[in-house]
Amino acid sequence: MKRYALPMMMLVIFETIAVTLWLTMDQLFYLFNFSYIGISIALGIFLFIKKYKHARRVTQLLVGLYMLVYLGFISRENMQIEGFWYYLFTGVFEAATIHYAVAKIFGPLLFGRGWCGFACWTAMILDFLPYKVPAGPRRRIGWIRYVTFAASLVFVAALFLAHVGNIEKIMFWAFIIGNLLYYGIGIWLAFAFKDNRAFCKYICPITVFLKPMSYFSLIRIKCDAGKCTSCGKCKRLCPMDVDITDPSRKRKNGTECILCYECVEGCPRNAL
Ligand code: SF4
Ligand code: SF4
Ligand code: SF4
């Protein structure tokens, strides 16, 4: 049973969030929403334990498509960072603000960047591209994420300051156009840099929240120095250039770890 502690734990965490939000906000939607996400995540981890090759991809598609198609296109909720700013400025704690609080701001204290490995609808598409392992060294252009972060904030703040009417409709179109841009730039960068996750490394504004919070993550992969032979395979397999053999929180690119478990699967010594 010890093997199944992690999926059980994720299920309990998400079910607690589901029931708490359902009762405090008096909206049945939250019970459905977070139960569905919790079950999808627990299923993915369970399949991984069972050594199913595409376990992570199953969860990525279940959660990513639900959020993109159902919440975004059908329910017209902007779950991107602009939607977060929008709800924050209106002082409403629902939709994107709850999503950000759970998945991208406070959740990473517990499960790191599990969102990036298991649920993000942008990475859901990028992970289909051919460059699972980066072909070259990391580039020093990570500062771009602060520009995109600031641009998203200024865009939404400007709408409020200019008293633009019908911001909800603008937010819906911002979601459509924003996603098209993310996919377009993400796919182009993946081919240009021969690296599926180039968008995550250099452009994504959400990493401004994710990186510092995941530094303190409770769930993290550790290396058993007694088993490790320093063969370097884990570093070669890592899509995010993390030095996972270093046990400290200051490990190289440590806040880039997306908990994809490629290193764990690939380690010939079961040291991770
Ligand atoms: S870094 Fe951004 S685009 Fe990449 S998986 Fe995380 S949230 Fe998605
Ligand atoms: S793949 Fe395993 S044995 Fe090789 S360096 Fe990484 S942790 Fe150590
Ligand atoms: S260190 Fe392992 S789990 Fe983290 S991103 Fe790299 S391969 Fe994935």
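**Exercise 1. Ligand 1**

Which residues surround ligand 1? Work on the predicted model shown above.

*Solution.*
Step 1. List the shell. Ligand 1 is surrounded by Cys-116, Cys-120, Thr-122, Ala-123, Phe-199, Cys-200, Cys-204, Ile-206 and Thr-207.
Step 2. Find the helices. Helix H8 (121-126) supplies at least two residues of this shell, and so does helix H11 (198-202).
Step 3. Sort by class. The shell around ligand 1 holds seven nonpolar and two polar residues, with no charged residues.

**Exercise 2. Ligands 2 and 3**

Find the closest residues of ligand 2 and of ligand 3, then sort each shell by class.

*Solution.*
Step 1. Take ligand 2. It has 13 residues around it, and the closest are Cys-228, Cys-231, Lys-233, Cys-234 and Cys-267.
Step 2. Sort the shell of ligand 2. Seven residues are nonpolar, four are polar and two are charged.
Step 3. Take ligand 3. Among its 14 surrounding residues, Cys-238, Val-242, Cys-257, Cys-260 and Cys-263 come nearest.
Step 4. Sort the shell of ligand 3. Here 13 residues are nonpolar, one is charged and no residue is polar.

**Exercise 3. Two domains and their contact**

Describe how domain 1 and domain 2 meet.

*Solution.*
Step 1. Set the bounds. The domain assignment gives domain 1 as 53-214 and domain 2 as 222-272.
Step 2. Give the separation. The centres of domain 1 and domain 2, taken over C-alpha atoms, lie 25 Å apart.
Step 3. Count the contact residues. Domain 1 puts in 15 residues and domain 2 puts in twelve residues.
Step 4. Name the elements on the domain 1 side. Helix H7 (114-118) and helix H12 (207-214) each give two or more residues to the side that touches domain 2. H7 gives the most, with three residues.
Step 5. Sort the domain 1 side. Three residues are nonpolar, five are polar and seven are charged.

**Exercise 4. The buried face of H12**

Which residues of H12 are buried, and why do they line one face of the helix?

*Solution.*
Step 1. Pick the buried residues. They are Thr-207, Leu-210 and Ser-214.
Step 2. Look down the axis of H12. The buried residues fall within an arc of 65°, so they line one face of the helix.
Step 3. Find the cover. Helix H5 (96-105), helix H6 (108-111), H7, helix H9 (144-161) and H11 are among the elements that cover the buried residues of H12.

**Exercise 5. Helix H4**

How many of the ten residues of H4 are buried?

*Solution.*
Step 1. Count. Seven of the ten residues of H4 are buried, and the helix is mostly covered.
Step 2. Name them. The buried residues are Ile-81, Glu-82, Gly-83, Phe-84, Trp-85, Tyr-86 and Tyr-87.
Step 3. Find the cover. It includes H5, H9 and H10.
Step 4. Go just past the end of H4. There, Gly-91 takes a positive phi of about 75°.

**Exercise 6. Positive phi outside glycine**

Compare Ala-95 and Asn-166: give the phi, the place and the exposure of each.

*Solution.*
Step 1. Start with Ala-95. Its phi is positive, about 45°, although Ala-95 is not a glycine. Ala-95 sits in the loop between helix H4 (81-90) and H5.
Step 2. Judge its exposure. Ala-95 has 19 other C-beta atoms within 10 Å, so it is partly exposed. Buried would need 20 or more.
Step 3. Turn to Asn-166. Its phi is positive, about 50°, and Asn-166 is not a glycine either. Asn-166 is found in the loop between H9 and helix H10 (167-193).
Step 4. Judge its exposure. Asn-166 has 8 other C-beta atoms within 10 Å, so it is exposed. The limit for exposed is 12 or fewer.

**Exercise 7. The largest nonpolar core**

Which members of the largest nonpolar core touch the most other members?

*Solution.*
Step 1. Read the core. It has 65 residues, and Phe-14, Phe-34, Ile-41, Cys-116, Cys-120 and Phe-199 touch the most other members.
Step 2. Find the main contributor. Helix H2 (residues 28-49) gives the most to this core, with eight residues.
Step 3. Check the domains. Domain 1 (53-214) and domain 2 (222-272) each give at least three residues to this core.
Step 4. Follow one member. Leaving aside neighbours within four places in sequence, Phe-14 is in contact with Phe-34, Ser-35, Ile-37, Gly-38 and Ile-41.

Notes: Residues are numbered from 1 along each chain as its sequence is written. Chains are lettered from A and ligands numbered from 1 in the order in which they are written. This is a predicted model: local features need pLDDT of at least 70, side-chain atom pairs count only at pLDDT 80 or more; totals for chains, interfaces and linings use all residues. A residue is near a molecule or strand if its C-beta atom, placed from the backbone, lies within 6 Å of it. Ala, Val, Leu, Ile, Met, Phe, Trp, Tyr, Cys and Pro count as nonpolar, Asp, Glu, Lys and Arg as charged, and the others, Gly among them, as polar. Helices (H or I, at least four residues) and strands (E, at least two) are DSSP runs, numbered from the N terminus. Domain bounds come from an automatic or database domain assignment. Two residues are in contact if their C-beta atoms, placed from the backbone, lie within 7 Å. The arc is that of the directions from the helix axis to the C-beta atoms. A nonpolar core is a set of buried Ala, Val, Leu, Ile, Met, Phe, Trp, Tyr and Cys residues joined through C-beta atoms within 7 Å.
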